[in-house]
Amino acid sequence: MITLAHRSTPARLAVGLALGAALLLSASGCSSAAPAATPSASGSADALSGSITVYAAASLKTTFTELASAFEDEHPGTTVELTFAGSSDLVTQLTNGAPGDVFASADEKNMAKLTDAGLTEGTPVDFATNVLQIAVPPTNPAGIASFADLAKPGVKTVVCAPQVPCGAATVAVETATGVTLAPVSEESSVTDVLGKVTSGEADAGLVYVTDVIAAGDAVTGIAFDESSEAVNTYPIAQLASSANPDVAAAFAAYVVSDAGQRVLKAAGFGAA
């Protein structure tokens, strides 16, 4: 395992300074202290090169694909490989030794599993929030209009498994409302839940509002007030085993920068 303890001071400070600086909208003030991690078009940032692998929650697929492309355009010598899945599945892969450089989770609980295992470098930084929304086929065949409707007899509802962030959020809403669902299936990611709805296998699915927006005309989104009972916070962190810590820190900083936040906001994410 390669850690920043064996690298230069700028690399060791990359996450602690660059991510915190970007989150506070003052990255330029730290550029001299950690030039490799500053996501601006300065000469030092342009010197970044090499490939990194980013593990990101399935709900981040659209935004992180866009962010990775923009980051590569800004730093032509870099390549960002993306792996998407449910946050709990990604944590399992990483704790079992899968090589990676950055992890972005859909909740703080799964990120804590990595930090507790000593697999992250520095302190994770929150970069977005998300809430649940009901996704139904465009014709809404079951006539769903509220969260309680998902528990009606005969309604085929699909949710995320409890260990997945969207599943944990579903359980939180059930607890807060007293409405107990009887889903026909529990999936390992919001992508799989959405797939059940778009294929017609389900009358409704609980996903994030960002997933509904990304699906376009394929589904109709139904907001419900009780979603405020379970707001998911998304943290990002550089992995301690990163073989390219400068690029890893720079990408993580880019996500929390003004440019990154604009992309996330446009996709429906809330501010952290």
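Let me start with strand S5, residues 132-136: five of its five residues are buried, so the strand is largely enclosed by the rest of the structure. Bear in mind that this is a predicted model. Side chains first. Leu-132, Ile-134 and Val-136 point one way from S5, Gln-133 and Ala-135 point the other way, and all of them are buried. That is the usual pattern: in a regular strand the side chains alternate between the two faces of the sheet.

Now the neighbours of S5. Which way does strand S8 run relative to S5, and how many bridges join them? Strand S8 covers residues 204-208, and the two run antiparallel, joined by four bridges. To give one pair, Gln-133 has Val-207 in S8 as its bridge partner. Then there is strand S9, residues 220-222, which is antiparallel to S5 as well and joined to it by three bridges. Here the pair to look at is Ile-134 with Ile-222 in S9.

Put together, this gives an open sheet of five strands in the order S7-S6-S8-S5-S9, and the pairing is mixed. Strand S7, at 185-187, and S9 stand at the edges with a single partner strand each, so one side of each has no neighbour in the sheet. From one strand to the next, the twist averages 35°.

For the parallel part of the mixed pairing, go to strand S6, residues 157-160. Two bridges join S6 to S8, and these strands run parallel. Val-158 is bridged to Gly-205 of S8.

Next, the helices on this sheet. Helix H7, residues 165-177, lies across S5, S6 and S8 and runs at about 100° to S5. Helix H8, residues 190-198, also packs on the sheet, where it touches S5, S6, S7 and S8; its direction makes about 145° with that of S8.

A bit more on H7. It has 13 residues and spans 18 Å from its first C-alpha to its last, close to the 18 Å expected at 1.5 Å a residue. Which residues of H7 are buried? They are Pro-165, Cys-166, Gly-167, Ala-169, Thr-170, Val-173 and Glu-174. As a reminder, an α-helix has 3.6 residues a turn, so residues three or four places apart point the same way. Just after H7, Gly-178 takes a positive phi of about 80°.

Take Thr-170 as an example from that list. Thr-170 sits in helix H7. Is Thr-170 buried or exposed? Its relative accessibility is 2%, and the cut-off for buried is under 20%, so Thr-170 counts as buried. Leaving out residues up to four places away in sequence, Thr-170 touches Leu-132, Val-159, Leu-181 and Leu-206. Of these, Leu-132 is one of the S5 residues we began with.

On to the disulfide. A search of the whole structure finds one. Cys-160 and Cys-166 form it, with their sulfur atoms 1.7 Å apart. The angle about the S-S bond is -100°, and the link is left-handed. Cys-160 is buried, with a relative accessible area of 2%, and Cys-166 is buried too, at 1%.

Cys-160 brings us to Ser-189. Where does Ser-189 lie? It is in the loop between S7 and H8. Ser-189 has a relative accessible area of 6% and is buried. Along the chain Ser-189 and Cys-160 are 29 residues apart, yet their C-alpha atoms are separated by 6.0 Å. Setting aside neighbours within four places in sequence, Ser-189 is in contact with Ala-58, Gly-86, Cys-160 and Val-164.

Last, a strand that has not come up so far: strand S10, residues 232-239. S10 is mostly covered, with eight of its eight residues buried. Which strands pair with S10? One is strand S3, residues 102-104, which pairs with S10 in the antiparallel sense over three bridges. In that pairing, Phe-103 stands opposite Ala-237 of S10. Another is strand S4, residues 120-130, again antiparallel to S10, over seven bridges. There, Ala-128 stands opposite Tyr-234 of S10.

To come back to the start: S5 has five of five residues buried, and S10 has eight of eight. That is what I have.

Methods: Residues numbered from 1 in each chain as written. Predicted model: local features only at pLDDT ≥ 70, side-chain atom pairs only at ≥ 80, totals over all residues. Heavy atoms only, no water. Buried < 20%, exposed > 50% of the residue type's maximum accessible area, 1.4 Å probe, protein only. Pairing = 2+ DSSP bridges. Axes fitted to C-alpha atoms, helices over the stretch in contact; angles between N-to-C directions. Contact = heavy atoms within 4.5 Å. Disulfide = S-S within 2.5 Å. Expected span 1.5 Å × (residues − 1).
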